[in-house]
Amino acid sequence: MKKVIYMLTTILLLGACTHDKQGGNGPTDDGIDSAFAYKADRFADIEILRYPVPGFNSLSLPQKELIYYLSQAALEGRDILWDQHNRYNLTIRRVCEGVYENYMGDKTSEEWKQFETYLKQIWMANGIHHHYSEDKIMPQFSRDYFVSLVKGVDPGRMPFRDGMAADEALTEILPVMFDPTVIPKRMNQTPGTDIVATSAVNFYEGVTQQEVEAFYNAKKEPANETPVSYGLNSKVTKVNGVVTEQVWKLGGMYDKAIERIIGWLEKAAVVAENDHQKEIITLLIDYYRNGDLKRFDDYSVKWVTDTASRVDFINGFMETYTDPLGLKGSWESMVNFKSEEASKRTQIISDNAQWFEDHSPIDDRFKKEKVKGVSAKVITAAILGGDCYPATPIGINLPNADWIRRDHGSKSVSIDNITFAYAKAAEGNGFNEEFMWSDSERELAKKYGPLTDNLHTDLHECLGHGSGKLLPGVSSDVLQAYGSPLEEARADLFALYYLADPKLVELGLLPDREAYKTAYYSYLMNGAITQLTRIQPGKEIEEAHMRNRALISRWVVDQSQAANVVELIQRDNKTYVVINDYEKLRALFGALLSEVQRIKSEGDYVAGKNLVESYGVKVDPKLQEEVLARYAALNLAPYKGFVNPVYQLVTDKNGKVTDVTISYDESYVDQQLRYSRQYSVLPLKN
Ligand code: ZN
């Protein structure tokens, strides 16, 4: 519910940017030099990058060992996510990989290349639906060609487990892969349809939206101040006509993968940095063993209160973006360690959290009297797993349970080495030259872009999501599917509003009162214009963060028409954002923040729906056509994913660990194939 997903505005970074942010962790040590290969692969609408892990070699041996075991645990959950996304995903992937590795025929034909691209695409999406648009990825090779490939491989070399024959597998997966009307969307949010029955995700099977809602409504305890996250770790099915949960735990669904995750966590517990961290790992193991959501809350409380450990990690069923009902946690993992230097920035923000809350332009009734435990830090990602791989967020804010956030606060991180890799890969790509109005915007972006990008993320994560409160009796899920985009809008507006505050200069976070302007410009340019490149023509905006950015940008343009604050101007048949009055724009951001906070605090579903549907969903086809043409001329990939570094244990002749090495030379294809060999123990269908 609370991630800043993927690139926010980093794609806008200027060609010659040197990433001269304060306290940045530019990869200057560990042999990560100017020759570091940030670009790893390119196909369809995807570019695959590498991220450096500066500082890893300077960690202590126990810390490195801890990262190693946690990184193994992070990779063991990969197939859980694949299966969560759709129950045919594992079969399709294994059949495609079997062909890819064993087919002896012509591998130079156009159709083979299309087949290879398809495999790379589904690796990127952890399944057959696009990771961002949710649409089914349609193969650009024929069904007959695919059948010929599958039948052209020695069946003994194919991963037909469970005694399944090629014909049987094909009968099952061909319509799923090739028929555009079969499960076209991973998550369907179209109002008026049964969003459970029509979504491809494997969170529900054989049940209707009404049945699931009735099932979970019956579990609600309105008087309980500390409710568990109902439904977070289970699939809902029917057994003998009765709606039932299949829990994801040891001995339950996903047993085999969870058993291996536990195995690595047990090793990690031995080398934990301190007792608090050991307890976190132990509670997580317990929860994986018994599936008890109360135990998950115990773990979350322990986790959020650990601010001392250098190494940290997420591992489990966390974010609920991919469930149309927002209940089911997608499996994800990220292992990281604190970047000490860069964390000074977020420490300053965190130390002043109460000042920001008190001065927020929202109604006093919705303000927190005391902002609790906003812990913030800048981290270096060491491994990405599950829903954080290959596409990854640049910031994370957890836990999601409202009562834990209320009583214990939340932990916020910005992931510096990922942001850094985006910036390096975007150097010289011509984007700002094409889409910014004039040299003055480009110069500001060059001078302040990376710094304000990072600050935006910090303010969004450290303060934005944690700000404000619900009125008594208002349930956090009353906004339903509109809750996520509105929550993201709230956090973004909080960040935008304060980026222009003199307080940031006073705190030493920004050098002057000019810097924020590039954040404003880039935000509106992205939300009103350039993010349209990420939507397929004919589709609406679906993803929560994109809806949020469209909502804010287009509302502001709409509201400022009379006052001429922001305009969309045509020049040579190209549309540009022009900002005429930055101070008044700030006031508009403040006004919208106040309204979005009111909607959330009061649970005003109708107003929330109106805002999202009016500004956050629709696409202007003419504008999109223009933007796509301009974008196509730049030949850039709208989506980025990452390959992970490779860690290896070094042992002496007695088997004692003496070091952990890191290397960066594995290719995208090799890594995916290796993960499929090493970390794939689930049955074909779950
Ligand atoms: Zn967010």
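Here are legends for several close-up views of this predicted model.

Residue numbers start from 1 along each chain as its sequence is written. Local features need pLDDT of at least 70 and side-chain atom pairs count only at pLDDT 80 or more, while totals for chains, interfaces and linings use all residues; side-chain values use heavy atoms, with hydrogens and water left out.

**View 1. Three residues hold the zinc ion.**
Look for His 460 (NE2), His 465 (NE2) and Glu 488 (OE), the protein donors, lying 2.1 Å from the zinc ion. Donors here are N, O and S atoms within 2.8 Å of the metal (3.2 Å for Na, K and Ca); water is not among the atoms, so sites may look incomplete. Along the sequence, the donor residues follow the spacing H-x4-H-x22-E. His 460 and His 465 are both buried, where buried means under 20% relative accessible area, exposed over 50%, and partly exposed in between (1.4 Å probe, protein chains only).

**View 2. Asn 548 touches the zinc donor Glu 488.**
Asn 548 sits in helix α20; helices (H or I, at least four residues) and strands (E, at least two) are DSSP runs, numbered from the N terminus. Is Asn 548 buried or exposed? It is buried, with a relative accessible area of just 1%. Leaving aside residues up to four places away in sequence, Asn 548 touches Pro 485, Glu 488, Ala 489, Asp 492 and Tyr 523, a contact being heavy atoms within 4.5 Å. A polar atom of the Asn 548 side chain lies 3.5 Å from the backbone nitrogen of Ala 489.

**View 3. Domain 1 meets domain 2.**
The chain splits into domain 1 (4-79 + 253-642) and domain 2 (87-186), with bounds that come from an automatic or database domain assignment. Their C-alpha centres are 33 Å apart. The contact takes 25 residues from domain 1 and 17 residues from domain 2. Together the two domains bury about 1,700 Å², 56% of it on carbon and sulfur atoms; buried area is the accessible area (1.4 Å probe) that two parts lose on being put together, summed over both. On the domain 1 side, Phe 43, Arg 78 and Asp 79 lose the most area to domain 2, together 28% of what that side buries.

**View 4. Salt bridges cross the domain interface.**
The rule finds five salt bridges between domain 1 and domain 2, a salt bridge being a side-chain nitrogen of Lys or Arg within 4 Å of a carboxyl oxygen of Asp or Glu. Zoom in on Asp 79 and Arg 94, which form a salt bridge with their closest N and O atoms 3.1 Å apart.

**View 5. Arg 586 and Asp 501 pair up.**
The closest N and O atoms in this salt bridge are 2.8 Å apart. Arg 586 belongs to helix α21 (residues 582-602), and Asp 501 lies in the loop between α17 (483-499) and α18 (502-506), so the pair links distant parts of the chain, 85 residues apart. Both Arg 586 and Asp 501 are buried.

**View 6. More salt bridges to explore.**
By this rule the count comes to 45. Asp 286 and Arg 295 meet at 2.6 Å, N to O; Asp 286 is partly exposed at 25% relative accessible area, and Arg 295 is partly exposed at 25% too. Lys 517 and Glu 514 come to 2.9 Å between their closest N and O atoms. Here Lys 517 is buried (18%), while Glu 514 is partly exposed (36%). Finally, Asp 363, Arg 365, Glu 595, Arg 598, Glu 602 and Asp 604 link up in a network of salt bridges.

Technical notes: Polar contact = N/O pair within 3.5 Å; in protein donor to acceptor, adjacent residues only side chain to side chain.
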